[in-house]
Amino acid sequence: MATSVHVIDRVQPRAISVRWIISTRDDLIWLIGSVASSYLLLILYVKGVLPLVPMVALWAILIDAPHVFGTFSRTYFDRTERQNRSRLLLGSLLFFAVGPIMVFAGAGLIFFFLAALWAYYHLVKQHYGFMVLYKKKNNDLAPVDNALDRLLLLFAFNYPFVAFIARDPEAMSRVPSTLQSGVNGLATILLVATVVLFVAWLGRQIQRALNGEPLDVPKYLLLAAAIPMHWIVLLTPMPHKPIAIVAILTIYHNLQYHRLIWFHNKKYVRTGSGSDRVTDGGEDNLGKTDELRTKYGAAELISRRLLYYVAFGILFGLIYQGPRQILGYLNLKNGTATDQSLAIQLAISFLWGYAFIHYYLDSKIWRVRRDPSVGKALNMT
């Protein structure tokens, strides 16, 4: 007698969720694994293999300034963006005036202190942005997880920064005198809060596992890469630490950003469907290239080849960071920025405008929920 057997497939919840922004390989190499670049610079500098001035100058011109140019490539050099965001882009140019005005007003120390704070906040904000992209990709959007992830990231990055200032006399000298007395107390508060939040965050991950909720592996890997690196770099003794850590901490941020920009900028060299690259020969592709050039302007040329993107970025680096590194070297030889002549302070504060524009525009142009074109370019759907 034959017996029929009915197999009922039951959909089991996935124990883990592994969806990447670009691809498994690219994310692991560029968005997570590139943290190795910060560790490499740290080791080479602390061991005395890499001198301070060459390290900072080469990083600034060849890596950091081109990542600022990456923002400009998809804003000021994008004809469509200039039309859609004309007020934002023109208004952002006022940042060039902020520093010189404060220096003229006798508030140079305050300006450079606030500039340093914004620079570090920008690093933290980028890590937060990548975390949010992974959360969206992996449907990790429960309100309790959103709150815990945000708070843990905020406190875990800010404690080592404040602790570094409290322990480093050179860094403390750059803090306005009225704030210096509160730095140690703030560091203690941040440390306690970080430990409490980490315990709560870890408990929530255990709860998710017990409840069969998917565990957001890419998010975990990102946090595991970024947070310990900041603690190690910021709490490791080294000469001229306030200058050295700028390159050591930021190179990871730079490489992440370059890869994201290059991924986003593929929209300048492909069809609207996102499937065909406009890089092959033929009249049809030439027509598509002309269409993209008409729509996007210089952005299409900049992103047409990786070589073009790199060359334009380095050229920008020479224009922007070349003078800034010379002025920074004078500061290193002769004292802090406030010890320099008014002309040098004005020049340094003016050049900070490039960074400020980058920081500000970055807070506006990557909003996936508010700008569907960004979500489409990053394949967030």
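**Aromatic pairs and helix packing in the predicted model**

Gln325 is buried in this predicted model, since its relative accessible area of 19% falls under the 20% cut-off. The residue belongs to helix α16, which spans residues 306-334. Leaving aside residues up to four places away in sequence, the contacts of Gln325 are with Val56, Ala57 and Ala60.

Aromatic rings come next. Over the whole structure, the search yields 28 aromatic pairs. One of them joins Phe96 and Tyr354, whose ring centres are 4.9 Å apart. The planes of these two rings stand at 85°, and the pair is therefore edge-to-face, as angles over 60 degrees are counted that way. Phe96 sits in helix α6 (residues 95-104) and Tyr354 in helix α17 (residues 342-365), so this pair ties together parts that are 258 residues apart in sequence. Phe96 is buried, because its relative accessible area is 16%, and Tyr354 is buried as well, at 18% relative accessibility.

Tyr354 also pairs with Phe316. Here the ring centres lie 5.6 Å apart and the planes are at 80°, so this pair too is edge-to-face. Phe316 is located in helix α16 and Tyr354 in helix α17, which means that the pair links parts 38 residues apart in sequence. With a relative accessibility of 11%, Phe316 counts as buried. A wider picture emerges from the ring pairs: they join Phe96, Phe316 and Tyr354 into a cluster that also includes Phe69, Phe72, Tyr76, Phe77, Phe312, Tyr320 and Phe350.

Charged side chains meet aromatic rings as well. Arg74 lies over the face of Trp366, 4.5 Å from the ring centre. Likewise, Arg324 is placed over the face of Trp352, at 4.2 Å from the centre of that ring.

Finally, how do the axes of helix α7 and helix α12 cross? Helix α7 covers residues 108-137 and helix α12 residues 217-235; their axes come within 9 Å and cross at roughly 165°. This angle makes α7 roughly antiparallel to α12, because angles over 145 degrees fall in that class. The crossing of α7 and α12 is left-handed. On the α7 side, the residues that take part are Tyr120, Leu123, His127, Phe130, Met131, Tyr134 and Lys135. They meet Pro218, Lys219, Leu222, Leu223, Ala226, His230 and Leu234 of α12.

Technical notes: Residues are numbered from 1 along each chain as its sequence is written. This is a predicted model: local features need pLDDT of at least 70, side-chain atom pairs count only at pLDDT 80 or more; totals for chains, interfaces and linings use all residues. Side-chain values use heavy atoms; hydrogens and water are left out. Helices (H or I, at least four residues) and strands (E, at least two) are DSSP runs, numbered from the N terminus. Buried means under 20% relative accessible area, exposed over 50%, partly exposed in between (1.4 Å probe, protein chains only). Contact means heavy atoms within 4.5 Å. Rings of Phe, Tyr and Trp (its six-membered ring) pair if their centres lie within 6.5 Å; planes under 30 degrees apart count as stacked, over 60 as edge-to-face and the rest as tilted. A charge sits over a ring if NZ of Lys or CZ of Arg is within 6 Å of the ring centre and within 35 degrees of the ring normal. Axes are lines fitted to C-alpha atoms, for helices over the stretch in contact, and angles run from 0 to 180 degrees between N-to-C directions. Angles under 35 degrees count as roughly parallel, over 145 as roughly antiparallel, 65 to 115 as roughly perpendicular and the rest as oblique. A crossing is left-handed if the near helix is turned anticlockwise from the far one by less than a right angle, and right-handed if clockwise.
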